[in-house]
Amino acid sequence: MTKNLDENPVSRYPSDDFPQQEQEQPGLTSKTEPRPDHGEDTYVGSGKLQGKRALITGGDSGIGRAVAIAFAREGADVAISYLPEEQEDADDTAQWVRKENRQALLLPGEARDEAYCTSLVGKTVSQFGGLDIVILNAAYQENRDSLEELPTEEFQRVFETNLYSTLWIARAALPHLKPGASIISTSSIQAFNPSPQLIDYAMTKAALVAFTKALAQQVGERGIRVNAVAPGPIWTPLIPATSWPDKLPTFGQDTPLGRAGQPAELAPAYVFLASQEASYVSGAVLPVTGGKGL
């Protein structure tokens with residue numbers, strides 16, 4: 001739920017050109033112009049996740065930050081996984097969570113490290129006394145000129161960040177999840193409508209769809225739901241850090257709504273899937289794409 005925004009989805013946020021800019025990976029909110037909206041001033045909670053305990057990977061900025069803020073306003077404590085170089089963003093996100101009188105646990109580290117990923121679950125359970133919601137959101141993407149010029153170490157980084165970490169964390173989390181728990185991954189429109197410049201990234205996002213559907217069947221009888229959100233073009237620090245400054249002026253303008261989405265517009269999808277309002281939703285991929293078809 002949001003407040004004080006235009007109800008027309010076309011004009012809800014500006015559709016003007018994004019200025020040309022470029023950042024090094026992973027990208028920081030303070031260097032992103034215009035600053036993304038994470039719902040800081042607009043998201044209104046209603047207790048949908050009261051008393052829940054959530055772990056969010058990539059929770060420092062972008063979609064992850066918007067989800068962390070929304071979850072806190074819905075009553076959840078939030079553990080945030082992020083890269084050490086994103087400390088500034090993580091601290092800011094934690095402040096928003098704590099403003100809601102919820103616990104924020106900061107867990108810096110490298111998602112490509114199995115021991116770190118496994119430790120996230122243990123540290124969250126130790127701090128919060130349990131775990132109810134796992135948001136597998138951390139991701140890496142980079143512009144690819146061609147497959148011939150794609151270095152092995154680069155697609156390994158994509159696969160390890162986007163897929164290996166997903167499997168490691170979910171595997172570690174399952175023994176702690178009780179009936180009513182929820183696992184939600186961040187897939188992408190790229191899983192269904194891939195851009196050639198994001199070939200390896202798109203491959204991983206398609207794999208997350210298979211992961212979601214397969215795991216939902218495995219753990220359904222245990223009362224654990226598994227779903228995914230498939231964002232379209234969303235304005236986050238990852239975009240100016242993807243080495244395509246020439247594409248920024250028209251980013252998102254090819255959607256039926258004519259603009260890029262904001263992280264704040266993704267958060268309600270995660271809240272819904274994590275809440276008991278979605279008690280009969282599992283194995284689903286929820287598109288939030290500005291009208292672009294999957």
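The following paragraphs describe helix α1, the nonpolar cores, the salt bridges and selected local environments of a predicted model.

Helix α1 spans residues 62-73 and thus comprises 12 residues. The distance from its first C-alpha to its last is 17 Å, close to the 16 Å expected at 1.5 Å a residue. The helix is mostly covered, with 12 of its 12 residues classed as buried; among them are the glycines G62 and G64, the arginines R65 and R73, and the nonpolar residues I63, V67, I69 and F71. The cover over these buried residues is contributed by elements that include the strands β1 (53-57), β2 (77-82), β4 (133-136) and β6 (225-231), together with the helices α2 (87-99) and α6 (267-274). Just after α1, the backbone at G75 adopts a positive phi of about 105°.

In soluble globular proteins, nonpolar side chains tend to be buried together. In the present model, the largest nonpolar core contains 31 residues, of which F71, I135 and Y270 touch the most other members. Two or more residues are given to this core by each of β1, α1, β2, α2, β4 and α6, and the greatest contribution is that of α1, with 7 residues. When neighbours within four places in sequence are left aside, Y270 is in contact with I63, V67 and F71, as well as with I135, N137, I184, T186 and V229. The first three of these partners, I63, V67 and F71, are themselves among the buried residues of α1. A second core, separate from the largest one, consists of 29 residues and includes L107, A170, V219 and I224.

Side chains of opposite charge can pair when their charged atoms come close. The structure holds 13 salt bridges. In one of them R65 is paired with E40, and the closest N and O atoms are 4.0 Å apart. This pair links distant parts of the chain, since R65 belongs to helix α1 and E40 to the segment before β1, 25 residues apart. Both partners, R65 and E40, are buried. The pairing also forms part of a wider arrangement, in that R35, E40, R65, D89 and D92 are linked in a network of salt bridges.

A further salt bridge joins the side chains of R53 and D132, with an N to O distance of 2.8 Å. Here too distant parts of the chain are linked, R53 lying in strand β1 and D132 in the loop between α3 (114-128) and β4, 79 residues apart. With a relative accessibility of 22%, R53 counts as partly exposed, whereas D132 is buried at a relative accessible area of 14%. The side chains of E114 and R171 likewise meet in a salt bridge, again with 2.8 Å from N to O. Because E114 lies in helix α3 and R171 in helix α4, this pair ties together parts that are 57 residues apart in sequence. E114 is partly exposed, with a relative accessible area of 38%, while R171, at 51% relative accessibility, counts as exposed.

Two threonine environments were also examined. T29 lies in the segment before β1 and is buried, its relative accessible area being 1%. Not counting residues up to four places away in sequence, T29 touches R35, R65 and D89, and its other contacts are P36, H38, S61 and P237. Of these partners, R35, R65 and D89 take part in the salt-bridge network that also contains E40 and D92. T161, by contrast, lies in helix α4 and counts as buried at 8% relative accessibility. With neighbours within four places in sequence left aside, T161 is in contact with R112, A138, A139 and Y140. The C-alpha atoms of T161 and D113 are separated by 8.9 Å, although these two residues are 48 residues apart along the chain.

At the surface, L147, I199 and M203 make a nonpolar patch of about 280 Å². L147 is located in the loop between β4 and α4 (152-173). With a relative accessible area of 56%, L147 is classed as exposed, because that value lies over the 50% limit for exposed residues.

Terms used. Residues are numbered from 1 along each chain as its sequence is written. This is a predicted model: local features need pLDDT of at least 70, side-chain atom pairs count only at pLDDT 80 or more; totals for chains, interfaces and linings use all residues. Side-chain values use heavy atoms; hydrogens and water are left out. Helices (H or I, at least four residues) and strands (E, at least two) are DSSP runs, numbered from the N terminus. The expected span of a helix is 1.5 Å times one less than its number of residues. Buried means under 20% relative accessible area, exposed over 50%, partly exposed in between (1.4 Å probe, protein chains only). Contact means heavy atoms within 4.5 Å. Patches are made of residues with over 30% relative accessible area and no salt bridge: like charges are joined within 9 Å, nonpolar side chains (Val, Leu, Ile, Met, Phe, Trp, Tyr) within 5 Å. Accessible areas come from the Shrake-Rupley method with a 1.4 Å probe; for residues, only the protein chains shown count as cover. A nonpolar core is a set of buried Ala, Val, Leu, Ile, Met, Phe, Trp, Tyr and Cys residues joined through side-chain atoms within 4.5 Å.
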